[in-house]
Amino acid sequence: MPEVTYTGSTISWPQTLVYLVAGRGAAVYPVHNRPTPYIVCIPRLAKRIKTKTLGYHPRDIRERGCRCGTFLRPRMLPFSSTMRRKLLITLCFELLAAPVLSSQVSSGSAASPASSISLPGSQNPFTGSEPEGKPSSEILELDFKDAIDRGLRNNLGLLIAGDNTITARGERWKELSDLLPNLEARAQESVQTQSLTALGLKPSVFHAPVPRVIGPFNYFDVRAYLSQSLFDFKAIEKERAATQSLKAAQYSYKDAREFVVLAVGNAYLLAIAEAARIQTTEAQVSNAEALYNKAVDLEKAGLTPAIDMLRAQVEFQTRRQQLIVARNDFAKQKLSLARIMGLPLGQEFVLTENTPYQALTTIPLEQYLERAYAGRADYQAALAQVRSAELSRRGASAGRYPSLNLGANFGDIGVNPANSNGTWQVNGGINIPIFTGGKVHSDVLEAEAALKEARSRLGDLRGRIDYEVRTALLDLDAAAEQVEVARSSVELAEQTFAQSQDRFGAGVTDNLEVVQAQESVASAHESYIQSLYAHNLAKVELAHAIGDAEQGVRRYLKGDH
């Protein structure tokens, strides 16, 4: 609860004043530095506060009044009329300032900068790369096509997708090996002894002495072994499923190439947008500097007040600060682009393309969707995954079927290679599963769950493709309109700035009008740069949404389908 201190003719208290008393809602202020502590009570619901209503209560009575929700009739404080007016004025100022201070505190906490840190393991692989080669002393000139080509060679996400394709190819060969003939050769030389007693040979059987152990003796054996699965439906279905998984991995690799084009294109467009910001900010710094120098000259001549010079100086410093930020953002964006492309570490390069703008005439939505479902690699990969899951389900059920196998061997056996004889063997068999302890049932359940998941993912992807195509078209149309409006706003802001400079030079007005016009010019240029970036990015996103990013993104940026 805030406190009011009374010392002679001075009254003071902290910022927060209002203390709501239960049941009555009054503002309560204890007064110290007096023989008896007093409480100043102001009715909270009163529309007017009269100095005569300021009263006090002893502290113990005030506490009893808070408990019962009412106050006893106050006695008048021994304040003079001057002191009462001071108290009333100060109370009014404090009550008016409290909401402002509260809003400042809340807005300050809300405007605190959010942390932007990169935690280990949170990096998207398509934002990284494997650097290619060593840096050269020459400055590399990089256009949009070169940036995409480098990204398609070095981007980490694409390299990982290629490794996943090799893994899927290995899985297919593993399943295929169960269906292909397996041929192996073996050569061995054996030296051993043999226990006749262990074989059940006793002297009582042969009526002659029988040694307990015979040997040592040796033999030599060189032999080739062949095994072949004649019919195994489970292995056949698993191989077919692995083939579909390989196709899905290959389509995923193509989809990764599309993502690389999207990532490199976005980074390149951001970089040239930052370069455009530097150009416009440099022009604004030059204008602000000229305005400041003119304000200094006029102030020295006594034609304008010092406030005009200070205002122009603040504007000049603000523009210089924005230029520093823009240059720093451009340098960081170039580093991000180099990371995505896989440039050699420390390689200096320049961007040779400016912010392009070409209007794109769109075709009907149905044609875009048809091309997307037919051309998007991730959709084809999802279809292949569904087919693979279906074959895996059939293979799991085939665990109940019998299987046929063939085995054969041919070789040479004897005491040594010079004294050996050729022998061979052929055998075939059928394996009929009768009871597998529930293993087949468990395999079927797992395969069914995987099939349901694959179908659900396919349905979700189909809806996402529809969403991405529609949003890309909406963004493209909106960005095209924003470009036209922003271009007109830039022209109007430039005209306003020129007229304000003329009015200031003629002495019609102060430089406040010029500063405001310069702010409008800066805002218009920023809107124009942002709209150009959004328009070009919408083209890249549309090309990616229909599965034509790698081949068609350059055409789309030029305004062609």
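This briefing describes the overall make-up of one protein chain and then some of its side-chain pairings, its nonpolar surface patch and one buried histidine.

The structure is a predicted model, and its chain contains twelve helices and twelve strands. Of the 561 residues in the chain, 36% are buried. When contacts between residues at least 6 apart in sequence are considered, 76% of them join residues that are at least 24 apart. The accessible surface of the chain amounts to about 32,600 Å², and carbon and sulfur atoms account for 55% of that surface.

**Salt bridges**

- The structure holds 27 salt bridges, and a few of them are described in the points below.
- Side chains of opposite charge can pair when their charged atoms come close.
- Arg 186 and Glu 184 meet through their side chains in a salt bridge, with an N to O distance of 3.7 Å; Arg 186 counts as partly exposed because its relative accessibility is 43%, and Glu 184 counts as partly exposed at 45%.
- Asp 308 forms a salt bridge with Arg 311, and the closest N and O atoms of this pair are 2.9 Å apart.
- Asp 308 and Arg 311 both belong to helix 7, which covers residues 306-341, and because they are three residues apart there, about one helical turn separates them.
- Asp 308 has a relative accessibility of 3%, so this residue counts as buried.
- Glu 448 and Arg 393 meet in a salt bridge between their side chains, at 3.0 Å from N to O.
- This salt bridge links distant parts of the chain, since Glu 448 lies in helix 10 (residues 439-505) and Arg 393 lies in helix 9 (residues 377-397), 55 residues apart.
- Glu 448 counts as partly exposed at 29% relative accessibility, and Arg 393 counts as partly exposed at 23%.
- Arg 376, Asp 378, Arg 464 and Glu 468 are joined into one network by salt bridges that share partners.

**Nonpolar surface patch**

- A nonpolar patch of about 1,300 Å² on the surface is made by Leu 230, Phe 231, Leu 404, Leu 406, Phe 410, Trp 424, Val 426, Ile 430, Ile 432, Ile 434 and Phe 435.
- At least two residues of the nonpolar patch come from each of strand 9 (213-231), strand 11 (403-416) and strand 12 (419-431).
- Phe 435, one of the patch residues, is placed in the loop between strand 12 and helix 10.
- Phe 435 has a relative accessible area of 72%, which is over 50%, and therefore Phe 435 counts as exposed.

**Aromatic pairs**

- The structure holds five aromatic pairs, two of which are described in the points that follow.
- In the pair of Phe 233 and Tyr 401, the ring centres are 5.7 Å apart and the planes stand at 45°, so the pair is tilted.
- Phe 233 lies in helix 6 (residues 233-300), whereas Tyr 401 lies in the loop between helix 9 and strand 11, so this pair ties together parts of the chain that are 168 residues apart in sequence.
- Tyr 401 counts as partly exposed, with a relative accessibility of 43%.
- Tyr 292 and Phe 316 form a stacked aromatic pair, with 6.0 Å from centre to centre and 15° between the planes.
- Tyr 292 in helix 6 and Phe 316 in helix 7 are 24 residues apart, and their pair links distant parts of the chain.
- Both Tyr 292 and Phe 316 are buried.

**Charged side chains over aromatic rings**

- Lys 334 lies over the face of Phe 349, and its distance from the ring centre is 4.9 Å.
- Arg 462 lies over the face of Tyr 373, at a distance of 4.0 Å from the ring centre.

**A buried histidine**

- His 535 is placed in helix 11, which covers residues 512-545.
- The relative accessibility of His 535 is 1%, so this histidine counts as buried.
- Leaving aside residues up to four places away in sequence, His 535 touches Tyr 357, Gln 358, Ala 359, Leu 476, Ala 479, Ala 480 and Val 483.

Methods. Residues are numbered from 1 along each chain as its sequence is written. This is a predicted model: local features need pLDDT of at least 70, side-chain atom pairs count only at pLDDT 80 or more; totals for chains, interfaces and linings use all residues. Side-chain values use heavy atoms; hydrogens and water are left out. Helices (H or I, at least four residues) and strands (E, at least two) are DSSP runs, numbered from the N terminus. Buried means under 20% relative accessible area, exposed over 50%, partly exposed in between (1.4 Å probe, protein chains only). Contact means heavy atoms within 4.5 Å. Accessible areas come from the Shrake-Rupley method with a 1.4 Å probe; for residues, only the protein chains shown count as cover. A salt bridge is a side-chain nitrogen of Lys or Arg within 4 Å of a carboxyl oxygen of Asp or Glu. Patches are made of residues with over 30% relative accessible area and no salt bridge: like charges are joined within 9 Å, nonpolar side chains (Val, Leu, Ile, Met, Phe, Trp, Tyr) within 5 Å. Rings of Phe, Tyr and Trp (its six-membered ring) pair if their centres lie within 6.5 Å; planes under 30 degrees apart count as stacked, over 60 as edge-to-face and the rest as tilted. A charge sits over a ring if NZ of Lys or CZ of Arg is within 6 Å of the ring centre and within 35 degrees of the ring normal.
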